[in-house]
Each structure stands twice: as C-alpha cells, then as structure tokens.
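Please consider the model shown here, beginning with a single residue and its surroundings and then widening the view to the whole chain.

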Amino acid sequence: MQPTHRKRHAATFMYSTRLKGSGEMEVVLTKPRFHLDLWIAFTVQNWLLDVGRPVVMLLLPVEWFPLSRPCAAEYLHILYNITTPLILLKLLERSPRTLPSLVVHLGIIAVVMGTSLHMVVDTITLRLLQVGYQLHLSIRENPLMTNLKPSSLIDAFELLHYYDDTLGHLMWYVPLFLVLFLFFSGCFYHKKQEKMMPPAAWMLLLPNAAYYWYLVTEGQTFILFIFTFFAMTATVMHQRRRGLVPNSNGLFMLYSFSAALFLVAIWVICLWNDSILRRKHPGLIYVPQPRAVYTLHLRTNTQT
C-alpha cells in the first residue's frame, strides 16, 4: 500500500500488517512536526466536555434542573459523545499506521456505544446523588438502597453499575487507548533528525497529563493505562535499536503518560490508609475515584 493511497483512507486508525508480505511495521520517514491543532482540540474537548461535567454539577443549583429532565452536565456529555469519535478519526488520519476499514468502523461504533451507556448510567447516578446516594459506598451498603422495596430492585441498580463500570468502560476505553498507542507507534524518525519538543507542547503537557490522571482514577482504567504505557516504552526500546527515536508528538505522549503515572502514584499514596475507600475498591489495584473522595470527605464537610 503506497503512502499516497493511505492518505485517501483518513478514517483508518490501525496499522495493516499486510505490507509486502512482511510482519514488521513500516516506518514513514517524513519531516516530523508537532500537531498543535490536534492536541489542543484533544485537550480542550476532554477538559471541557468530560472533566467539566462534574464541575458543572457542583456549580449550578440543583433547582434549575428537575429530576425528570436533562441537566447541563448531560448536554455536555452528549457533545462529548459526538466529538470523541471525530477526534479519534482525526488522530487516525494523522497516523501512518492503519488497519482494515472494518476494524476502524467497529472500533468507532464501540466508542459511541460505550460513551452512550456511560451517559445513561451517569445520568441516573446524578439523580441518586441529589437524593442522598453516596459514591464512596457500594450499592448494597448505601443507606438509600437499604430502604428499597422490593429489595430485588438493588439487583437492577447493580446491573446498571455493570453496564457503566464494566461493559461501557471497556467499549469506550479499549479503542481509545488503542488509537493512542497506534498513533504513538508512528511517531518515530532517524536520530539525525532528532529535535526537542516545541514550547507549545510543554504548555499542553500538564493539562494533558492531568486528564490522563482523571481518566485512570475516575474511569478506573489503570490496567489499560499501564499496559499502554509499557507498550509505548517497549516500542521506544525496539525502535532505538533500529536507529529511530520519538519525534515531538511521540515525546509529548510519552512525557504525558509518565507525568500522569506520577500523579496517580501521589493520589494513591495520599489515600492509602483510607479504610472506607479501601472497602469501595478492594483487591490488589487500589485507585480511588475522585467523586467517591468528594462524597466521603468534601461534601460532608461542606454540608457540615
């Protein structure tokens, strides 16, 4: 597949291994440039439409939006469900790595379905928060749920929780991290072309890393995140043996993931001895959710 032919397929986002019968990835040695427009759009969209949703819920009075109608956070979520596939397709358009269009279409459909499942369940969770639900407790431990009649209704809420935290997150985050990794795998060039990141990349580094921290903690995606980071590190080591180094886009992604991992480690250390959050997040991987910390500590102190 020639480079000119690949450019016609802007919607493809994964690398095709059917290149001249070889299993090795092709390296496109074009002049590297930092995709400032792409990373600004990615960062602004994530902070405004994803991180901004819980902020809007805290700032706007509950009385403005009746329980039976969408609130401002839901409208932001609808916009996020529209813009996220567009941003991912734009990432794929800039990436030299591609897969068959069928895989691309299935991946984008999965992202749309995953974000839509999350939106519906998140809407119900918001309504429950307004009537006393506590995110730092499990569903069956919530005082609000113990008074439900019949008690089998709790099973229905656990089903909603499964659609959100398990099925919805897998359909949403697996394609997202896969697209990020495939984009990163094409961000290499010869050592003689090596350059540092531009100042604009350093300015976007902290907001981008902070969003990855939010994605790992609130979205509970630590396993996907750490495997993607290890795959990126392994790719760097492999490409260095071939005389290739990450370009400015690759360095930006690598530094953002590294800074996000540091932020997650600080977050976990600060909340390590919280016994209530430990019950909420049992097991070996303990990464508390920010909203659970809010309902446990901050909201209680504010109401007091």
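In this predicted model, Val121 touches Leu160, Tyr163 and Asp164, once its neighbours within four places in sequence are left aside. One of these partners, Asp164, lies 43 residues away from Val121 along the chain, yet the C-alpha atoms of the two are separated by 6.1 Å. Val121 itself belongs to helix α4. Is this side chain's residue buried or exposed? Val121 has a relative accessible area of 7%, and because buried means under 20%, Val121 is classed as buried.

The helix that carries Val121 comprises the 30 residues from 101 to 130. How far apart are the end C-alpha atoms of helix α4? At 1.5 Å a residue, helix α4 should span 44 Å, and its end C-alpha atoms are indeed 44 Å apart, so the expected and computed values agree. Just after α4 comes Gly132, which adopts a positive phi of about 115°.

Helix α3, made up of residues 72-94, includes Ile78. This residue has a relative accessible area of 38%; since that value falls between the limits of 20% and 50%, the class is partly exposed. Ile78 is also one of the members of a nonpolar surface patch, together with Tyr75, Leu79, Ile82 and Leu86. The accessible area of these residues together is about 490 Å².

The cysteines offer a further point of inspection. A disulfide is a covalent bond between the sulfur atoms of two cysteines. How many disulfides does the structure hold? The number is zero. Two cysteines may be set side by side for their surroundings: Cys187 counts as buried because its relative accessibility is 4%, under the limit of 20%, whereas Cys270 is exposed because its relative accessible area of 60% is over 50%.

The view can now be widened to the whole protein. Its secondary structure consists of 11 helices and two strands, arranged along the sequence in the pattern α-α-α-α-α-α-β-α-α-β-α-α-α. Of the 304 residues, 47% count as buried. When contacts between residues at least 6 apart in sequence are considered, 79% of them join residues at least 24 apart; the pair formed by Val121 and Asp164, 43 residues apart, has been described above. Finally, the accessible surface of the protein amounts to about 15900 Å², and carbon and sulfur atoms account for 69% of that area.

Methods
Residues numbered from 1 in each chain as written. Predicted model: local features only at pLDDT ≥ 70, side-chain atom pairs only at ≥ 80, totals over all residues. Heavy atoms only, no water. Patch = residues over 30% accessible without salt bridge, like charges linked within 9 Å, V, L, I, M, F, W, Y side chains within 5 Å. Areas by Shrake-Rupley, 256 points an atom, 1.4 Å probe, with all protein chains shown as cover. Salt bridge = Lys/Arg side-chain N within 4 Å of Asp/Glu carboxyl O. Helix = DSSP H or I, 4+ residues; strand = E, 2+ residues; numbered from the N terminus. Buried < 20%, exposed > 50% of the residue type's maximum accessible area, 1.4 Å probe, protein only. Expected span 1.5 Å × (residues − 1). Disulfide = S-S within 2.5 Å. Contact = heavy atoms within 4.5 Å.
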